[in-house]
Amino acid sequence: MRPAVRVVVGTLLLTTLAGLCVHYGATYDERWPHPTGDQLQDDPGQFTDQQVLLFGEVQTAAEDTIVIHVHDDADDIAAELEVTNVDKSVEPGGMVQVYGVLDSDQTMTAEKTVVVNRSDGASTYKYVVSLAGALLAISYFCKHWQPLPQKLGFEPRTGRTERDTEGPNDG
Amino acid sequence: MADLLTHVLAAYALFTVASWRFEWLTKRWVAIAMIGALLPDLNRLGLLVTDATLESVLGVPFSLDAMQTIGGVCLLAGVGAVVLTERHRRAFGFLLAGAFSHLVIDGLKAYADGAAGTWLYPITWYRHPTPNLYVSSDPTVLVITGIIAGSVFLYERYWL
């Protein structure tokens, strides 16, 4: 495929991807069976006495009760919630999923809790390890492929030995 | 999501083992599959710019999380395939396979309501039951995957 054609195809695919992101963003709140941070912020009473799943950042933790902040799309605080019956160990700065019936006074008795990140340090661990993963994949890729600026792309780095085992060009 | 290193090591192990069976599946395609395993987590660009910021700039609803779905990775794999100068269809296949391995592993993680995320979008919004096998920050997942990937590496290097 000529470089100009690849640029056109790539641009079309990225435009379609942007469209997919728009559709996903426009329909997610309706399709997700639980309140999002934005919905909770707009009308907290709408979900009273309903069984909901919420994601929140732990602010305080004492015995089996935690206070969490649920965030909206802008990562601002959409709601503060006191959750009781939390049977897992978690520290302030951690991230949890809580599932239970939402009461009118912004409290919940958790039926089930999943600790996503036990503490702020667990989030840091995840990001550092993920960065290592990205670097590993990119390094391995660069070991086998090389940039070819004049063709606006990458081509195999190895010689003909490996190429000959792959059969005819498939486009 | 599990951490990204787990996904990359899982793709390495999976496609390296497959390369023992198929002669045409060479190291360069294992590398492409490992890049594919990164694709769903491109939604983490949201750490740099939030959906709300993008929405205010574009004037329409927008969610980067669409990239962590079947539809999102199909399009991303297509973009990745045309970044190569040749063998676009094979590159698309391996990018998609790597990304699919990522989505399947993510489909096993814990949700408090017992159903996985909406990764089957846009085919369906159905959330399949999840076995709640792990949470993303659990180092055990990485240790197990690391042992498997390390074993594959050593087996190939010294026994094959």
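**Exercise 1. Decide whether B:Ala116 is buried or exposed in this predicted model, and describe its surroundings.**

Solution. Begin with the count of neighbours: 21 other C-beta atoms lie within 10 Å of B:Ala116. A residue is called buried if 20 or more other C-beta atoms lie within that distance, and therefore B:Ala116, with its 21, is buried. Next, locate the residue along the chain, where B:Ala116 has its place in the loop between α5 and α6 (139–158) of chain B. Then look for its contacts, leaving aside the neighbours within four places in sequence; these are B:Gly107, B:Tyr111, B:Arg127, B:His128 and B:Thr130. Finally, take B:Ala11 for a comparison of sequence and space: the two residues are 105 residues apart in sequence, and their C-alpha atoms are 21 Å apart.

**Exercise 2. Check whether the span of helix α5 (residues 88–106) of chain B agrees with its number of residues.**

Solution. The helix has 19 residues, and the expected span is 1.5 Å times one less than the number of residues. This gives 27 Å for α5(B), and since the end C-alpha atoms are 27 Å apart in the model, the two values agree. As a further step, consider how covered the helix is: 15 of the 19 residues of α5(B) are buried, so that the helix is mostly covered.

**Exercise 3. Describe the side of chain B that touches chain A, and find which element gives the most residues to it.**

Solution. First, count the residues on both sides: 52 residues of chain B are in contact with 57 residues of chain A. Second, list the elements that give two or more residues to the side belonging to chain B, namely α1 (4–21), α2 (27–36), α3 (51–58), α4 (70–83) and α5 of that chain. Of these, α4(B) gives the most, with eight residues. Third, sort the residues on this side by character, which yields 29 nonpolar, 12 polar and 11 charged.

**Exercise 4. Work out how the strands of chain A are arranged in the barrel and in the hairpin of β6(A) and β7(A).**

Solution. Start with the closed barrel, whose five strands run in the order β1-β2-β3-β5-β4 with mixed pairing. Neighbouring strands of this sheet are turned by 45° against each other on average, with direction ignored. Within chain A, β2 (residues 65–71) and β3 (residues 77–84) run antiparallel and are joined by six bridges, and A:His69 has A:Glu80 in β3(A) as its bridge partner. Turn now to β6 (residues 145–148) and β7 (residues 153–156) of chain A, which pair in the antiparallel sense over four bridges. Here A:Leu148 stands opposite A:Gly153, and the hairpin has four residues between its strands, including A:Leu152, which has a positive phi of about 55°.

Definitions and conventions. Residues are numbered from 1 along each chain as its sequence is written. Chains are lettered from A and ligands numbered from 1 in the order in which they are written. This is a predicted model: local features need pLDDT of at least 70, side-chain atom pairs count only at pLDDT 80 or more; totals for chains, interfaces and linings use all residues. Two strands pair if DSSP finds at least two bridges between them. A residue is buried if 20 or more other C-beta atoms lie within 10 Å of its own, exposed if 12 or fewer, and partly exposed in between; C-beta atoms are placed from the backbone. Axes are lines fitted to C-alpha atoms, for helices over the stretch in contact, and angles run from 0 to 180 degrees between N-to-C directions. Two residues are in contact if their C-beta atoms, placed from the backbone, lie within 7 Å. Ala, Val, Leu, Ile, Met, Phe, Trp, Tyr, Cys and Pro count as nonpolar, Asp, Glu, Lys and Arg as charged, and the others, Gly among them, as polar.
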